[in-house]
Amino acid sequence: MTINCRGTARRAPTEFPFDPTEVAPRLLAWYGAHGRNLPWRHTRDPYRIWLSEIMLQQTTVTAVIPYYQRFLAAFPEVTALAAAPPEQVIEQWAGLGYYSRARNLHRAAQLVVGEHGGHFPQTVEALAALPGIGRSTAGAIVSIAFDRPAPILDGNVRRVLIRLFAYASDPRGTKAEHALWRWAELLTARERPHDYAQAIMDLGATVCTPRDPDCPGCPLAALCQARRHGLERQLPAARPRKSVPLRRQVALLVEREGRYLVRPRPAEGFLGGLWEFPVADLRDHETPLSAAGRLAQELGVVGRQAAVGRLKHAYSHFTLELALVRVTGLGEERVAEGGWQWQGPGRLAETPLHGAHRKLLERFVLTGASGDSNE
Ligand code: SF4
């Protein structure tokens, strides 16, 4: 390997189907004219860049912007985030999903304050040692905040590289991972790494999009092997379809004087710290109404029951089919122990319910609708 005048690593030309040193200058020229104007582009503050990177994992830019702004209004500095109670962090995150990210964000902020004097470390290794920061996020922070060359491999960059090199095998295995990181490292610009990182992410987000890549408008079109072989829409190779288990539950809308029964889940574990209505898994051959009767009895809230509706909610490892049953006509009976609270619709709208129960609230309580929903 040699280093050329741009400071970019150069390998023997036979190893690659195109000259890899052409990639960075093309991308940087394109970025100057087409880069996106995003709120976290106006700062070099590693705290803000880190926050945007974590929020953007599996969420769109449009969805992230209001959360990003609200989160920063609540916690303007890493010290404020570190000092906040966990439930306040979850409350600001509620709606973005993947709540373990919020918990990791909080823990990482406490480590930055406690072990690094409130300053973010400036190397990939030290950043990747913090909870919730993987190699790619660490690379993005190092490049964007500190303007030092570090490869990144988020979903957008991965797709660009797979197409650029026409990688036709399954892109999820160890072999692919190794090749993709090697290419990401090889192509990363030694000059203007701050711009290069954003340029390649923007290219994936706006031009080399999953379903409809705009190859004629792409600065890498002349180099791209997928385009050359007419494979841009076939790559990345599709994941073999995996069947996802179905989990059936019933939730109770226990109503007394216009208020409903809810409680927070335990702080640790799946959806930790988020709130929910009373809920139970359906046993084999059980109907939602019979499961609702069993659950109501356990809670000590036996009243009139009526089915309200059903909805589906997808998690990464299962699909939830959730039936809602309304329980009314209660007397003054005591509710079983367990942190339950009665909350009216106004308060519930502010409570950090987890995603499936927030859907229930929005669909069947705030609107008063009933029936099934497939969303
Ligand atoms: S030419 Fe098309 S497939 Fe290749 S990198 Fe550009 S947009 Fe993606």
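**Exercise 1. The chain as a whole**

How many helices and how many strands does the protein chain have? Describe also the extent of the chain and its burial.

*Solution.* The structure is a predicted model, and a count of its elements gives 15 helices and ten strands in the protein chain. Turning to its extent, the C-alpha trace spans about 80 × 50 × 35 Å along its principal axes. As for burial, 37% of the 375 residues of the protein chain count as buried. The last step concerns contacts with a separation of 6 or more, and of these, 65% come from residues 24 or more positions apart.

**Exercise 2. Strand E8 and its partners**

Which strands pair with E8, and in which sense does each pair run?

*Solution.* Begin with strand E3, residues 246–256, which pairs with strand E8, residues 319–328, in the parallel sense over nine bridges. Within this pairing, the residue that stands opposite Glu321 of E8 is Arg248. Next take strand E7, residues 304–314, whose pairing with E8 is in the antiparallel sense and extends over ten bridges. Here Gln305 has Val327 in E8 as its bridge partner. Finally, look at the connection along the chain: E7 and E8 form a hairpin, and four residues lie between them. When you inspect such strands on the structure, keep in mind that in a regular strand the side chains alternate between the two faces of the sheet.

**Exercise 3. Helix H9 and its surroundings**

At what angle do the axes of H9 and H11 cross, and which residues make the contact?

*Solution.* Two packed helices are described by the angle between their axes and the distance between the axes. For helix H9, residues 155–164, and helix H11, residues 193–207, the axes come within 8 Å and cross at roughly 80°. Angles of 65 to 115 degrees count as roughly perpendicular, and therefore H9 is roughly perpendicular to H11. On the H9 side, the contact is made by Asn156, Val157, Arg159 and Val160, while H11 contributes Ile200, Met201, Leu203, Gly204 and Ala205. Sorted by class, the contact of H9 with H11 has six nonpolar, two polar and one charged residues.

The next step is to ask how far H9 is covered, and the answer is that nine of its ten residues are buried. Among these buried residues of H9 are Arg158, Leu161, Ile162, Arg163 and Leu164. The buried residues of H9 pack against H10 and H12 as well as H11. Just after H9, Ala166 takes a positive phi of about 50°.

**Exercise 4. The shell around the ligand**

Which residues come nearest to the ligand, and which helix gives the most to the shell?

*Solution.* There are 15 residues around the ligand, and those that come nearest are Cys208, Cys215, Cys218, Cys224 and Glu232. Considering the helices, H9 and H12 each supply at least two residues of the shell. H9 gives the most, with three residues. By class, the shell around the ligand has eleven nonpolar, no polar and four charged residues.

**Exercise 5. Backbone details in the loops**

Where do Tyr98, Arg192 and Pro236 lie? Describe the backbone at each of these places.

*Solution.* Tyr98 is found in the loop between helix H5 (86–93) and helix H6 (99–116), and although Tyr98 is not a glycine, its phi is positive, at about 50°. Arg192 lies in the loop between helix H10 (174–187) and H11, and this residue, likewise not a glycine, has a positive phi of about 55°. For Pro236, the place is the loop between helix H12 (225–228) and E3. The bond that joins Leu235 and Pro236 is a cis peptide bond, with omega about 0°.

**Exercise 6. Reading exposure from a count**

Why do Tyr98, Arg192 and Ala349 count as partly exposed?

*Solution.* The step of reasoning needs the cut-offs: a residue is buried with 20 or more other C-beta atoms within 10 Å, exposed with 12 or fewer, and partly exposed in between. Tyr98 is partly exposed because it has 16 other C-beta atoms within 10 Å. Arg192 is partly exposed because it has 18 C-beta neighbours inside 10 Å. Ala349, a residue of helix H14 (residues 345–350), is partly exposed because its count of C-beta neighbours inside 10 Å is 14. To place Ala349 further, note that Leu361 is twelve residues apart from it along the chain, and that the C-alpha atoms of Ala349 and Leu361 are separated by 8.0 Å.

Key:
Residues are numbered from 1 along each chain as its sequence is written. This is a predicted model: local features need pLDDT of at least 70, side-chain atom pairs count only at pLDDT 80 or more; totals for chains, interfaces and linings use all residues. Two strands pair if DSSP finds at least two bridges between them. Axes are lines fitted to C-alpha atoms, for helices over the stretch in contact, and angles run from 0 to 180 degrees between N-to-C directions. Angles under 35 degrees count as roughly parallel, over 145 as roughly antiparallel, 65 to 115 as roughly perpendicular and the rest as oblique. Two residues are in contact if their C-beta atoms, placed from the backbone, lie within 7 Å. Ala, Val, Leu, Ile, Met, Phe, Trp, Tyr, Cys and Pro count as nonpolar, Asp, Glu, Lys and Arg as charged, and the others, Gly among them, as polar. A residue is near a molecule or strand if its C-beta atom, placed from the backbone, lies within 6 Å of it.
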